[in-house]
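Q: I'd like a close look at one part of this fold, the sheet, taken slowly and in plain words. Could you walk me through how it is put together, and then tell me a bit about what else is there?

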Amino acid sequence: MATPSTTAMPKRRLGDLSVSAVGLGCMPLSFSHMRDERPRALATIHRALDLGINFLDTSNIYAPSWDAVGHNEELIAEALNSYQGAADLSSVVVTTKGGITRGEGETWGRDSSADALVRACEASLEALGSTVIDLYQHHRHDPSISYEEQMKAVAALRDRGYINRIGISNAQLDEVHVALDVLGGPDDGGLVSVQNEYSPRYRGESDVLELCSTLGIAFLPWSPLGGSEQAKDLGSNYAEFAAVGKEVDATAQEVTLAWLLALTPMMIPIPGATRPETIDSIVRSAHLAMTADQVDRLSATSPMGESMYPEDQPRSPLR
Ligand SMILES: NC(=O)c1ccc[n+]([C@@H]2O[C@H](COP(=O)([O-])OP(=O)(O)OC[C@H]3O[C@@H](n4cnc5c(N)ncnc54)[C@H](OP(=O)(O)O)[C@@H]3O)[C@@H](O)[C@H]2O)c1
């Protein structure tokens, strides 16, 4: 197989944008064990840019501690500002999220009221050093207000000129329909992406994936390798992914990302990484060819785990 740097990264549609078929999930770069690893974190993002990844996923709450909210966004800003490679930075799409709160003493909550989202978005703009956010994602349902109200609050951010595009995350089918009613679809400049958990381990809300595929909404599977704790054990936990890996001369992790890409052209996985060499493997996955039979064998495996946030499944009904 060609080395990643010699082959152009395939692209996928995200609303009116064209982004790398695989993005980079930046969350683990702000885990507490990475606090003293700033050069390695920057090198990881730089390697992604070098190899054609132009889609970076972050959130205001990705931070080593509650008093460092914005950490991951600031890291991305620093990585872009210090980048000296050949990638065209004007094509880089950074997406962040708002709606989850993280306060003193690590108290977590939700607030998608209009005022809270304005404050969160303003803080994200400052942390990113941007005048506008390419794609803003509503992070998680706030059970204290209706989903419709939450969507209107996100739309108001665009009316203010803070954000260019809107996505939602952790959304169930009825919530996606509410979002579509309020915002319109991707062809009307409305909802362009849904970011839900999806991996060999967890395949809930497949109805959402199907709808996204039908309507041309990008589907961004989060924790596509089962999350930082389990990613390294993918091959031993999911034997079929290792078996197909042997057949195509790839790792189980590469096969997983290639399998996701094969499920629908609207799929844009966002694996996390904390090492530049992991990026090389991620990029290899975007070039990996598998037969339809191999893809079907992987799809036929049983998801073995529940959601990484089981307390949210099922969520309270829409209010
Ligand atoms: N919307 C939400 O509610 C939500 C929730 C969770 C996550 N997310 C987003 O989804 C992104 C991805 O999820 P995640 O980071 O939790 O989990 P993940 O992508 O399933 O796993 C990340 C781990 O996989 C390893 N890895 C990545 N590619 C690999 C490869 N090709 N070969 C071997 N190992 C590989 C990395 O190792 P190294 O560290 O060794 O490089 C990293 O530790 C996050 O970064 C975040 O942006 C969103």
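A: Let's start with strand 9 and strand 10 (residues 191-195), which pair in the parallel sense over four bridges. If you want a spot to look at, find Ile-166, which stands opposite Leu-191 in strand 10. To get from strand 9 to strand 10, the chain goes through helix 5 (residues 173-183), and this β-α-β crossover is right-handed. Keep in mind that you're looking at a predicted model.

Now stay on strand 9 (residues 166-169) and look at where its residues point. Ile-166 and Ile-168 point one way, Gly-167 and Ser-169 point the other way, and all of them are buried. That's a pattern worth knowing: in a regular strand the side chains alternate between the two faces of the sheet.

Strand 9 has another neighbour too. Strand 8 (residues 135-138) pairs with strand 9, also in the parallel sense, over three bridges. Ile-166 turns up again here, as the bridge partner of Tyr-136. The connection between these two strands is a right-handed β-α-β unit made of strand 8, helix 4 (residues 147-159) and strand 9.

Keep going across the sheet and you reach strand 5, which pairs with strand 8 in the parallel sense over four bridges. There, Thr-95 stands opposite Leu-135 in strand 8. So how many residues of strand 5 are buried? Six of the six, so strand 5 is largely enclosed by the rest of the structure. You can check this face by face: Val-93, Thr-95 and Lys-97 are buried on one side, and Val-94, Thr-96 and Gly-98 are buried on the other. Don't skip over Lys-97 in that list, a lysine that is buried along with the others.

What about strand 4 (residues 55-57)? Its pairing with strand 5 (residues 93-98) is parallel and runs over three bridges. Two facing pairs help you line these strands up: Asp-57 stands opposite Thr-95, and Phe-55 stands opposite Val-93. The route from strand 4 to strand 5 goes through helix 2 (residues 71-82), and this β-α-β crossover is right-handed.

Time to step back and see the whole sheet. It's an open sheet of seven strands in the order 3-4-5-8-9-10-11, with parallel pairing. The edges are strand 3 (24-25) and strand 11 (218-219), each of which pairs on one side only. As for what joins neighbours like these, strands of a sheet pair through backbone hydrogen bonds, either parallel or antiparallel.

Just beyond the edge strand 11 there's a small oddity. The loop between strand 11 and helix 7 (234-237) holds Ser-223, which has a positive phi of about 45 degrees although it is not a glycine. Is Ser-223 buried or exposed? Its relative accessibility is 16%, so Ser-223 counts as buried. Asp-249 is another residue other than glycine with a positive phi, this time near 60 degrees. Asp-249 sits in the loop between helix 8 and helix 9 (252-263), but it is exposed, with a relative accessible area of 67%.

That loop brings us to the helices on either side of it. The axes of helix 8 (residues 239-248) and helix 11 (residues 292-299) come within 9 Å and cross at roughly 165 degrees. At that angle, helix 8 is roughly antiparallel to helix 11. Their crossing is left-handed. On the helix 8 side, the contact is made by Glu-240, Phe-241, Ala-243, Val-244, Glu-247 and Val-248, and on the helix 11 side by Gln-294, Arg-297 and Leu-298.

Helix 9, on the other side of the loop, packs with helix 10 (residues 276-285) at an angle of about 40 degrees, with their axes 8 Å apart. That makes helix 9 oblique to helix 10. The crossing is right-handed here. Zoom in and you'll see Glu-254, Leu-257, Ala-258 and Leu-261 of helix 9 meeting Ser-281, Ile-282, Arg-284 and Ser-285 of helix 10.

How values were computed. Residues numbered from 1 in each chain as written. Predicted model: local features only at pLDDT ≥ 70, side-chain atom pairs only at ≥ 80, totals over all residues. Heavy atoms only, no water. Buried < 20%, exposed > 50% of the residue type's maximum accessible area, 1.4 Å probe, protein only. Pairing = 2+ DSSP bridges. Right-handed = clockwise from strand over helix to strand, strands pointing away. Axes fitted to C-alpha atoms, helices over the stretch in contact; angles between N-to-C directions. Parallel < 35°, antiparallel > 145°, perpendicular 65-115°, else oblique. Left-handed = near helix turned anticlockwise from the far one by under 90°. Contact = heavy atoms within 4.5 Å.
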